[in-house]
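Subject: Structure handover

Hello,

Here is the structure for you to open alongside this message. My notes follow below it.

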Amino acid sequence: MAGMRVGVVFGGRSVEHLVSVRSARTVCDGLRAAGHEVVGLYVDESGCFRDGPASQGVIEAQRALAPTGEPPTRALRHLLEAAVDVVFPIVHGTYGEDGTLQGLLEMLDLPYVGCATAASAVAMDKLLSKRLFAQAGIPVVPYAAVTRGEHARHGLGGVQAFVDAEALPLFVKPAVGGSSVGCVKVKNKAALADAVAFALRFDDVVLIERGVVAREVEIAVLGADAATMQASVPGEIVPGGDFYDYADKYLKDDAKLLAPAPVDAATTTALQQAAIAAMGAVGGAGLARVDFFLLTDGRWFLNEINTLPGFTSVSMYPRLWGLSGVPLPQLCDRLVQLAVERKRHRARIDDALRAFVAGAAVGTA
Ligand SMILES: Nc1ncnc2c1ncn2[C@@H]1O[C@H](COP(=O)(O)OP(=O)(O)OP(=O)(O)O)[C@@H](O)[C@H]1O
Ligand SMILES: [Mg+2]
């Protein structure tokens, strides 16, 4: 599509701040190679937008900038003054991938890449999204949920029947989170209470899941909506440690990424269909990386959907598309094109609403 002025929003308030800084470099390179003008829009760890030169400096140095102490409301001018045609948000986790940034961009009437507000928020919430996946007939691992309020009143009473019926290990994790923060593998039931209390530090809802022994296989999806969405070849994460925990993701270098993953054709097709169905279940648009557990007997479960997946030079999402015949510049360009098309579509709906109200007003005058 013709060259546009694209604002790449990156950094942000989540624990994945530095991953986002790395993702931004790849996205900026891809957009420039596709002929777009790129404006980096860095959000520091206090949630403040920073100006263009400072943002460009962060991308070049690949280092976070210390917050200035300015309130985020005043720093918003940097986004407004950038005068971009379209935004490519590549902020991972909370205050970026969870619908909050998307809501801000909706209010500012700016087209943006990826899922809209509701889909982003639902996909970020592991309890809400599991309910939608299950309703759509997509298998998820058996789980139980406990809220802070229930926990305060009844401890683990409400989930006792589930826990008694399950074998070990169990996985305990905050419903809204990322980067495996607060995620604990529970190997004896005496440790469960502490794991739940720990996870409750990070969210008000905690999931207790059956721990499966499984390969971790991921599919990338791309398209306007589930009806027209395409799915990539599968990739696989082979954790270096006991499971794919925070240290494995960011501190060590032991995890292996296999792309493409050695998965048979029938399973690949099933996972691709499920990935697209998952996108439909949450009402997603644009892009997502959908993560599965693949068991040795061929059964599989959908683990989670990531609506702004890692985009670093080694990240699965761009690599899987590269292997599926969509090189990085084309991928970034397509995402911008989808953002612009969705905005046009939304504008038609807004026009219809205005015309309806105007017509009704004439009718009653
Ligand atoms: N039910 C389970 N059975 C086996 N392993 C699990 C289970 N749940 C989580 N894990 C392990 O813990 C890791 C992190 O879990 P999960 O993907 O749910 O959390 P996350 O914090 O959302 O991560 P992300 O950064 O991908 O959003 C998984 O990649 C996997 O290695
Ligand atoms: Mg995960």
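Start with strand S1, residues 5-11. Of its 7 residues, 6 are buried, so the rest of the structure largely encloses S1. Please keep in mind that this is a predicted model.

S1 has two partners to look at. With strand S2 (residues 37-43), S1 pairs in the parallel sense, over 7 bridges. To find the register, look for Val 6, which stands opposite Val 38 in S2. With strand S3 (residues 86-89), S1 again pairs in the parallel sense, here over 4 bridges. Val 8 of S1 has Phe 88 as its bridge partner in S3. As a reminder, strands of a sheet pair through backbone hydrogen bonds, either parallel or antiparallel.

Helix H1 covers residues 17-33. Together, S1, H1 and S2 form a β-α-β unit, and this unit is right-handed.

Now step back to the whole chain. The protein has 14 helices and 13 strands. Its radius of gyration is 21 Å, close to the 21 Å that the globule rule gives for 365 residues, so the protein is as compact as a globular protein of that length. Along the principal axes, the C-alpha atoms fill a box of roughly 60 × 55 × 50 Å. Of the 365 residues, 44% count as buried. Contacts across the sequence are worth a note too. Among those between residues at least 6 apart in sequence, 67% join residues at least 24 apart.

The domains

The domain assignment gives domain 1 as 5-114 and domain 3 as 143-210. Domain 2 comes in two stretches, 123-139 and 213-307. Taken over C-alpha atoms, the centres of domain 1 and domain 3 are separated by 34 Å.

The antiparallel sheet

Next, please look at an open sheet of 4 strands. Its order is S4-S7-S5-S6, and the pairing is antiparallel. Strand S4 (143-147) and strand S6 (184-186) are the edges, each pairing on one side only. Direction ignored, neighbouring strands of this sheet are turned by 25 degrees against each other on average.

Strand S5 (residues 170-174) and S6 run antiparallel, joined by 3 bridges. One pair to pick out is Val 172 with its bridge partner in S6, Val 184.

Two helices pack on this sheet. Helix H7 (residues 126-135) touches S4, S5 and strand S7 (205-210). The direction of H7 makes about 50 degrees with that of S7. Helix H10 (residues 192-199) touches S4, S5, S6 and S7. The direction of H10 makes about 20 degrees with that of S5.

A covered helix

Which residues of helix H6 are buried? They are Ala 119, Ser 120, Ala 121, Val 122, Ala 123 and Met 124. That is 6 of the 8 residues in H6 (residues 117-124), and the helix is mostly covered. The cover over these buried residues includes helix H5 (100-107), H7, H12 and strand S13 (300-306).

Backbone details to check

There are cis peptide bonds to look at. One joins Leu 168 and Pro 169, with omega about 0 degrees. Pro 169 sits in the loop between helix H9 (160-165) and S5. Another cis bond joins Ala 259 and Pro 260, and its omega is also about 0 degrees. Pro 260 is in the loop between strand S11 (256-258) and helix H12 (265-282).

Positive phi values deserve a look as well. Ala 83 is a residue other than glycine, yet its phi is near 50 degrees. You will find Ala 83 in the loop between helix H4 (77-81) and S3. Is Ala 83 buried or exposed? Ala 83 is exposed, because only 12 or fewer other C-beta atoms are allowed for that class and Ala 83 has 9 within 10 Å.

Ser 180 is not a glycine either, and has a positive phi of about 65 degrees. Ser 180 lies in the loop between S5 and S6. With 19 other C-beta atoms within 10 Å, Ser 180 is partly exposed. The count for Ser 180 falls short of the cut-off, because a buried residue needs 20 or more.

Best wishes

How values were computed. Residues numbered from 1 in each chain as written. Chains lettered and ligands numbered in written order. Predicted model: local features only at pLDDT ≥ 70, side-chain atom pairs only at ≥ 80, totals over all residues. Rg over C-alpha atoms; globule rule 2.2 N^0.38 Å. Contact = placed C-beta atoms within 7 Å. Pairing = 2+ DSSP bridges. Right-handed = clockwise from strand over helix to strand, strands pointing away. Axes fitted to C-alpha atoms, helices over the stretch in contact; angles between N-to-C directions. Domains from an automatic or database assignment.
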